[in-house]
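Work through these exercises with the model open beside you. Try each task before you read its solution.

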Amino acid sequence: MRYRNIFFRILRYWVPPFLWMMFIFFLSSQRSVGVTHTYVYDFMIFKTIHMIEYAILYFLFFRAFHSIKLSLVYQLIYPVVVSIFFAASDEIHQLFVTSREGTIRDVLIDTVGIIIMYILIRTNLKFLKRFI
């Protein structure tokens, strides 16, 4: 019975961030496309999507680390580190995809999304604990 609980805990808390990472990796493997045919608008749209993707990744990893009952500092910081490392590795991956470019700027933009979610979680932790 204990192993069954561990299995379901892993399935519930640890599988979602890795599925999300696979989804991000899949999206970054696709050819670059334009939406508006205007560079500035496309840039703003896609960089906003970058921030949202990595904010969600941070949230999913926060849930996972929260599930193993670490101290609050580690629950908040470990997901930051993991998410930023993944953002960097994804940019390296994009260096090898036709029509894509991997840039430090994009890692910084992803980090902004991560930090925004960190702040949202940190300021609303009591409320969130009821749902995670």
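**Exercise 1. A residue in a helix**

Is Arg122 buried, partly exposed or exposed?

Solution. Start with the ground rules. This is a predicted model, where local features need pLDDT of at least 70, side-chain atom pairs count only at pLDDT 80 or more, and totals for chains, interfaces and linings use all residues. Residues are numbered from 1 along each chain as its sequence is written, and side-chain values use heavy atoms, with hydrogens and water left out.

Step 1. Recall the classes: buried means under 20% relative accessible area, exposed over 50%, and partly exposed in between (1.4 Å probe, protein chains only).
Step 2. Arg122 has 43% relative accessibility, so it counts as partly exposed.
Step 3. Place the residue: Arg122 is found in helix 4. Helices (H or I, at least four residues) and strands (E, at least two) are DSSP runs, numbered from the N terminus.
Step 4. Look for contacts, meaning heavy atoms within 4.5 Å. Not counting residues up to four places away in sequence, Arg122 touches Leu72 and Leu76.
Step 5. Check a distance. The C-alpha atoms of Arg122 and Ser89 are 26 Å apart, and 33 residues separate the two along the chain.

**Exercise 2. The overall fold**

How many helices and how many strands does the protein have?

Solution.
Step 1. Count the elements: five helices and zero strands.
Step 2. Read their order from the N terminus: α-α-α-α-α.
Step 3. Find the extent. Along the principal axes, the C-alpha atoms fill a box of roughly 55 × 30 × 20 Å.
Step 4. Look at burial. The protein has 132 residues, and buried residues make up 36% of them.
Step 5. Look at contacts between residues at least 6 apart in sequence. Of these, 73% join residues at least 24 apart.

**Exercise 3. Two helices and their packing**

Compare each helix with its expected span, and state what its buried residues pack against.

Solution.
Step 1. Learn the rule: the expected span is 1.5 Å times one less than the number of residues.
Step 2. Apply the rule to helix 3. With 23 residues, helix 3 reaches 34 Å from its first C-alpha to its last, close to the expected 33 Å.
Step 3. Apply the rule to helix 4. Its 20 residues reach 28 Å from first C-alpha to last, close to the expected 28 Å.
Step 4. List buried residues. In helix 3 they include Leu76, Pro79, Val80, Ser83 and Phe86. In helix 4 they include Val107, Ile114, Met117 and Ile121.
Step 5. Recall the geometry. An α-helix has 3.6 residues a turn, so residues three or four places apart point the same way.
Step 6. Name the partners. The buried residues of helix 3 pack against helix 1, helix 2 and helix 4. Those of helix 4 pack against helix 2, helix 3 and helix 5 (125-128).

**Exercise 4. Two unusual phi angles**

What is the sign of phi at His37, and what is it at Lys69?

Solution.
Step 1. Start from the rule. Most residues other than glycine have a negative phi.
Step 2. Read the values. His37 has a positive phi of about 65°. Lys69 also has a positive value, near 60°.
Step 3. Locate both. His37 lies in the loop between helix 1 and helix 2, and Lys69 in the loop between helix 2 and helix 3.
Step 4. Classify both. His37 is exposed, with a relative accessible area of 75%. Lys69 counts as exposed at 62%.

**Exercise 5. A loop serine**

Which residues does Ser99 contact, leaving aside its neighbours within four places in sequence?

Solution.
Step 1. Locate Ser99: the loop between helix 3 and helix 4.
Step 2. Classify Ser99. Its relative accessible area is 35%, so Ser99 is partly exposed.
Step 3. Name the partners: Arg31 and Ser32.
Step 4. Zoom in on atoms. A polar atom of the Ser99 side chain lies 2.9 Å from the backbone nitrogen of Ser32.
Step 5. Compare positions. Ser99 and Gln30 are 69 residues apart along the chain, and their C-alpha atoms are separated by 8.7 Å.

Methods
A polar contact is a pair of N or O atoms within 3.5 Å; within protein, one must be able to donate a hydrogen and the other to accept it, and residues adjacent in sequence count only if both atoms are side-chain atoms.
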